[in-house]
Amino acid sequence: MGWWSYRPYVPVAQRRAKAARAAQKLAKGGRKVAPVATNGRTIAATFWGKAWCDNLESYSDFENRLPRGRTYVRNGSVVDLQIEPGKIRALVSGSHLYRIEIEIGPLPAVKWKAIQSECRGQIGSLIELLQARMSQRVMEIVTRRDSGLFPSPKEIKLGCSCPDWAEMCKHVAAVLYGVGNRLDHQPELLFQLRQVNHLELITAAADSAALVKKSASKKKTIAREDLAQVFGIELDAPAPSKGPLRKARIAQPAARPQRKQAKTKAKTGPAKRAARQGKAASKKR
Ligand SMILES: [Zn+2]
């Protein structure tokens with residue numbers, strides 16, 4: 001079953017068939033092809049996918065050229081789409097098979113730090129982040145046009161192998177929409193593309209949540225551990241029982257036997273001495 005086969009109503013049947021052949025050819029060559037398959041007319045349906053598309057459409061540099069890509073991506077012309085750190089590589093089937101390379105600048109460290117700090121304590125888990133089950137505030141932070149996660153036109157460098165390449169051809173536009181579609185299924189690719197570790201957003205959140213909730217109990221635990229370490233080195237047994245045991249050995253039970261021993265010693269001492277003296281005496285005799 002191909003990715004194109006469930007959409008028989010697509011108008012550009014010829015192009016679709018061509019795209020399919022191209023994909024098969026690439027797959028035979030051992031390359032793992034990842035075509036873009038939209039669900040009917042819907043290019044992106046989730047928060048991350050839609051936010052990607054909304055961001056691109058919000059720039060006047062792009063808004064006139066992007067619509068040409070919608071039909072292309074919907075009819076399955078994006079035969080292959082690969083998202084890597086800082087780079088999008090794609091194959092789009094038009095009158096020929098074109099290679100598209102789009103470079104995306106890394107998210108500046110200052111912006112990433114600011115996003116982390118603003119989201120601190122507000123994203124409970126990785127699932128929450130990737131399924132966008134976040135507060136309205138967090139969603140606003142990550143989608144903010146100048147300080148969010150999405151790239152601006154200045155950070156996007158477009159390239160296509162087609163002859164009518166100008167600023168943005170329909171192939172490139174299709175690929176940009178294709179990224180929105182891909183983020184529906186693999187939202188973590190956005191972070192990879194911007195070269196930031198999405199787990200840092202969770203870690204930051206978890207750290208601060210732990211600090212707020214468990215600071216008291218954490219301190220206690222640490223204190224106990226420190227105690228155990230100190231006593232472990234000095235006393236060579238579990239910390240809490242250390243003090244009493246030591247005292248018991250020295251002060252209490254040891255005291256009585258010592259006295260008894262002393263008494264016995266006192267008894268045996270002279271007796272032995274007497275015996276030795278006796279022996280000596282008998283030798284003399
Ligand atoms: Zn092109």
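**Exercise 1.** At roughly what angle do the axes of helix α2 (residues 47-57) and helix α8 (residues 170-185) cross? Classify the packing and describe the contact.

*Solution.* The model is predicted.
- Step 1: the two axes come within 6 Å and cross at roughly 160 degrees.
- Step 2: angles over 145 degrees count as roughly antiparallel, so α2 is roughly antiparallel to α8.
- Step 3: α2 contributes Trp48, Gly49, Trp52, Cys53 and Leu56 to the contact, and α8 contributes Leu176, Tyr177, Val179, Gly180, Asn181, Leu183 and Asp184.
- Step 4: sorted by class, the contact has eight nonpolar, three polar and one charged residues.

**Exercise 2.** Work out the strand order of the open sheet and place α8 relative to the sheet.

*Solution.*
- Step 1: the four strands run in the order β1-β2-β3-β4, with antiparallel pairing.
- Step 2: β1 (78-84) and β4 (156-157) are the edge strands, each pairing on one side only.
- Step 3: six bridges join β1 to strand β2 (residues 87-93) in the antiparallel sense, and Glu84 stands opposite Lys87 in β2.
- Step 4: α8 packs on this sheet, touching β1, β2 and β3 (97-104). The direction of α8 makes about 65 degrees with that of β1.

**Exercise 3.** Identify the residues with the most contacts inside the largest nonpolar core, then trace the neighbours of Trp52.

*Solution.*
- Step 1: this core has 56 residues, and Trp52, Val78, Val92, Val172 and Val175 have the most contacts inside it.
- Step 2: α8 gives the most to the core, with eight residues.
- Step 3: leaving out residues up to four places away in sequence, Trp52 touches Ala44, Phe150, Val179, Gly180, Leu183 and Leu190.
- Step 4: Val179, Gly180 and Leu183 are also among the α8 residues that make the contact with α2.

Notes:
Residues are numbered from 1 along each chain as its sequence is written. This is a predicted model: local features need pLDDT of at least 70, side-chain atom pairs count only at pLDDT 80 or more; totals for chains, interfaces and linings use all residues. Axes are lines fitted to C-alpha atoms, for helices over the stretch in contact, and angles run from 0 to 180 degrees between N-to-C directions. Helices (H or I, at least four residues) and strands (E, at least two) are DSSP runs, numbered from the N terminus. Angles under 35 degrees count as roughly parallel, over 145 as roughly antiparallel, 65 to 115 as roughly perpendicular and the rest as oblique. Two residues are in contact if their C-beta atoms, placed from the backbone, lie within 7 Å. Ala, Val, Leu, Ile, Met, Phe, Trp, Tyr, Cys and Pro count as nonpolar, Asp, Glu, Lys and Arg as charged, and the others, Gly among them, as polar. Two strands pair if DSSP finds at least two bridges between them. A nonpolar core is a set of buried Ala, Val, Leu, Ile, Met, Phe, Trp, Tyr and Cys residues joined through C-beta atoms within 7 Å. A residue is buried if 20 or more other C-beta atoms lie within 10 Å of its own, exposed if 12 or fewer, and partly exposed in between; C-beta atoms are placed from the backbone.
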